[in-house]
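Here is a short tour of one protein chain, written for someone who likes to check each statement against the coordinates. Please keep the viewer open as you read.

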Amino acid sequence: MPFYNKTVEETLKELNTSEKGLSEEETEKRLKQYGKNELKKKESISQLKIFLNQFKNYIIWILFAVVLISIFLQRFIDAGIILAILILNAVLGFVQEFKAEKTIRELSKLTSPHAIVIRDNKKQIISAEELVPGDIIIIETGNYIPADARIIESFNLKVDESILTGESTSVDKNTEITEKEQVTEQKNMLFSSTLCVYGKAKAVVTTTGMKTEIGKIAKEIQKIKETKTPLLEKLNELGKTISIGIIIISLFIFLIGSLLSKDIINTFLVAITIAVAAIPEGLPAIITITLALGLQALSKKNVLVRRLPAVETLGSTTIIASDKTGTLTKNEMTVKKIFMNNNIIEVTGEGYDTEGNFKYDHKKVKLEDLKQLMQIAYLCNNSDLNSLTGDPTELALKVVAKKSKVNIKKYEKVDEIPFSSEEKYMATKHTTGKREFYYFKGAPEKILDMCSYVHINGRTKWMSKKDKEKILNIGEEMASEALRVLGFAYSKGKSTKNLVFTGLIGMIDPPRKEVKGAIELAEKAGVRVIMITGDHKETAKAIAKEVGITGKIITGEDIDNMTNYELKKLSKDINVYARVTPKHKIKILETLDPKKEVIAMTGDGVNDAPALKKADIGISLESGTDVAKQASEMILKDNNFSSIVDAIEIGRGIYRNIKKFIYYLLSCNLGELITIFIATVFGFPLVLLPIHILWVNLVTDGFPALALGMEPVEKSVMHSKPRKKNSPIINKKNAVNMILSGILIAAGTLFMFKIYNNYFGLMYAQTISFTTLMMFQMFNALNARTSDSIFKTDFFSNKKLLYAIALSILLQIIIIYLFGSLFQVTQLTLIDWLYVMLVSSSILIFMEIRKFIFKKETQ
């Protein structure tokens, strides 16, 4: 049913609602009737498909070919074990991927849009999907329209409908009836998924979900496109390089083995299995689950990560460019000083408590003198003191007006010019009978530029140049005390010139207690902290000093007067940017050397979105606009700066853990490869059977690798500088350690095989080399835990790793003593196990000695 051609009254009647909103009981009924306000999403991937995806790997296909060849050659035990291992691998991969997808899906729900709604005559913030036809919604600058709605009230409303119409120009909206059916002509309607770019409105929801205009056009909403992480891209490149090398080596092993051995089939199976064992095909899956676990850890620290790449990027952050208000400070404004009638008045009280006193020279002020200023502070205001919703600055102004006990005449508001960071003022129009009033508040310098008169002691006089200078100086003095200062004025005409100046109000937004310590920790970790604010230079300077940010300070005006080159030369020394607008943020980003630096930037407004997208990590606030949230990689649930530092610490820990299990997997795989290569070249009998290698590969590539990804964040992680933007995953020191570990694993395994083959026969020797190789990798997992000595760490801090090692050894014992015939192994004695432990532990002893000698070497 169309509503564009109906009056507001007719629309409300048709929808059986009122401006007081629906009751909760009625809302529940309508939610059942109309369903959730959401577009049909693309069906999530089925569990069966996730399982089948585990087999989408050319290496796995080769192994299936090996299974078929084994069946053809009537080697049914080999075929059965390889097939069982393939299925077990697929099950493990399925469990990991399913958990990761579930975690990411659950966290993405937390970032879904919200709506401000009036129900039971009270403002509430609810999830947009809970909206029903008949709900009364409040729309403000920066909000996405959550459903199709008929406008009831509007103030200078402009909406970007490009997502619906393709027109880039914003559309003026009003409440007037129209008979035009085209969506582009329906000026009294708001449409789901469009964006309020200016002004504010109250509207009644007419349609939701798939019945909205956007729902008719699109049958599914496009979710955030998941991008491949830079780390995974590096790993894919690494994997390709290793794969090519190993395939060549495997062919070489097969050719040499064929010449030296009569058992060509077994040689072929070993060559194929070595290729599979040595290629780290499981790395992407393990990294995905590790990053997903990182998402959960970050969520507990009040950080929602919307895009997986941000988790790994966090660890290399070199600069945090943070807004002041609400992030470094509490965003709980309290008025402390008022300048009017040429006097500075002290205001007592804290927070939103409406009890307090007004004192001048330690004496109480005559409250009636405050009437005009308090009238403007209360009426040129959109906050709601009863529900404590709205801008904290405006709440503080309503609180101080209530404190004054002045009888405020609540004139009807008929129009409004909303505050914008560009214009730096807000104005409201009020009427009473035939009289009209215009009230203004904003930056002192902006308000004074618009004023020609000043209100002093109940009288209006012409404002001289000297008066303006005096007021500006008073404002700067107040700002130097960390007060946010606003100027107030009124007019009886329609012009924004020749206003009557009424006074200044200074309020403080105190720094969060934990911020100073967080900044100190960030700087210790080599992360530079920059403060960006729209506040006065002196206010910014005072707050920066209080939280421990040092360095030069410049203003938005200074930025406008500089070229990018000039600003770039100075940017290394500038840590405080005052009186800036969102457009300045782009220029600041461009001059902070983005090619070398990894920059995290906070923002909450519509105009912050370009800067948030341009930054390496855009960080929006829970209290911010929908646009800012959609443009960001991270959302701070508590709006707190210290949460960013916590996130960097977790990000660094995650990256270190990823490097640990990469080192672990590649060094173990290298050990397997060298073992078979040397054995083949020197004409040894089969040191390991294909099923032995596959088993070792499954055990060592699975449980310990995942457990290393869960290693607790080391205390030293914030004692070093951030890693460089393009630093390799495997550096030269890592490569040397990997090669040495691989050689040692191969030497120990071959040594044990040679001794036992000489005295106890081939099967006994294969069993001992199989078990020695497995135990080498268990000790190597302990090696991979830390670049420092294992004895300098808390051995039991990662119990999951100890459990993983214990489980791997238990499984090895089970197959040796219970399934010997299947795996073609024989039972070992206690003395055999002692020899295995002595030889395999050599890798731990060797690396401990190496770490001691080369203390400066790090992984």
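## A helix pair to start with

Let's begin with two helices: α20 passes α21 in a right-handed crossing. Please keep in mind that this is a predicted model. Helix α20 covers residues 564-571 and helix α21 covers residues 582-591. Their axes come within 9 Å and cross at roughly 65°. That pair of values is a handy description, since two packed helices are described by the angle between their axes and the distance between the axes.

Which residues make the contact between α20 and α21? On the α20 side you will find Asn564, Leu567, Lys568 and Ser571, and these meet Lys587, Glu590 and Thr591 in α21. Sorted by class, the contact of α20 with α21 has one nonpolar, three polar and three charged residues.

Helix α20 also has strands to deal with. It lies across β21 (528-532), β22 and β23 (574-578), and its direction is at about 125° to β23.

## The eight-stranded sheet

Those three strands belong to an open sheet of eight strands, ordered β8-β26-β25-β24-β9-β21-β23-β22. The pairing in this sheet is mixed. As a reminder, strands of a sheet pair through backbone hydrogen bonds, either parallel or antiparallel.

Where does the sheet end on each side? The edges are β8 (303-305) and β22 (552-555); each has a single partner strand, so one side of each is left without a neighbour in the sheet. Across the sheet, neighbouring strands are turned by 20° against each other on average, direction ignored.

## Strand β24 inside the sheet

Strand β24 (residues 599-603) is a good place to zoom in. It pairs with strand β9 (residues 319-323) in the parallel sense, over three bridges, and Ile319 stands opposite Ile599 in β24. Towards strand β25 (residues 617-621) there are four bridges, and β24 and β25 run parallel too. Here Gly603 stands opposite Ser620 in β25.

Is β24 mostly covered or mostly open? It is mostly covered, with five of its five residues buried. This holds for both faces of β24: Ile599, Met601 and Gly603 are buried on one side, and Ala600 and Thr602 are buried on the other.

## Aromatic pairs

If you enjoy ring geometry, there is plenty to look at: the count comes to 11 aromatic pairs. One of them joins Tyr411 and Phe437, which are stacked at 4.9 Å centre to centre with 10° between the planes. Tyr411 lies in the loop between α14 (392-403) and β14 (412-417), whereas Phe437 is in strand β16 (residues 435-442), so the pair ties together parts that are 26 residues apart in sequence. Both partners fall under the 20% cut-off for buried residues: Tyr411 has a relative accessible area of 16%, and Phe437 has 8%.

Another pair has an edge-to-face arrangement: Tyr453 and Trp462 sit 5.4 Å centre to centre, with 90° between the planes. Tyr453 counts as partly exposed because its relative accessibility is 31%, while Trp462, at 55%, counts as exposed. Back at the stacked pair, ring pairs link Tyr411, Phe437 and Tyr439 into a cluster.

## Two asparagines with positive phi

For backbone checks, two residues deserve a look. Asn302, which is not glycine, has a positive phi near 70°. It is found in the loop between α10 (283-300) and β8, and counts as partly exposed at 31% relative accessibility.

Asn639 is another non-glycine residue with a positive phi, of about 55°. Its place is the loop between β26 (634-636) and α24 (641-681). Is Asn639 buried or exposed? With 13% relative accessibility, Asn639 counts as buried.

## The chain as a whole

Now let's zoom out. The chain holds 31 helices and 26 strands. Of its 859 residues, 53% are buried.

Finally, a word on contacts along the sequence. Among contacts in the chain with a separation of 6 or more, 72% come from residues 24 or more positions apart.

Key: Residues are numbered from 1 along each chain as its sequence is written. This is a predicted model: local features need pLDDT of at least 70, side-chain atom pairs count only at pLDDT 80 or more; totals for chains, interfaces and linings use all residues. Side-chain values use heavy atoms; hydrogens and water are left out. Axes are lines fitted to C-alpha atoms, for helices over the stretch in contact, and angles run from 0 to 180 degrees between N-to-C directions. A crossing is left-handed if the near helix is turned anticlockwise from the far one by less than a right angle, and right-handed if clockwise. Contact means heavy atoms within 4.5 Å. Ala, Val, Leu, Ile, Met, Phe, Trp, Tyr, Cys and Pro count as nonpolar, Asp, Glu, Lys and Arg as charged, and the others, Gly among them, as polar. Buried means under 20% relative accessible area, exposed over 50%, partly exposed in between (1.4 Å probe, protein chains only). Two strands pair if DSSP finds at least two bridges between them. Rings of Phe, Tyr and Trp (its six-membered ring) pair if their centres lie within 6.5 Å; planes under 30 degrees apart count as stacked, over 60 as edge-to-face and the rest as tilted.
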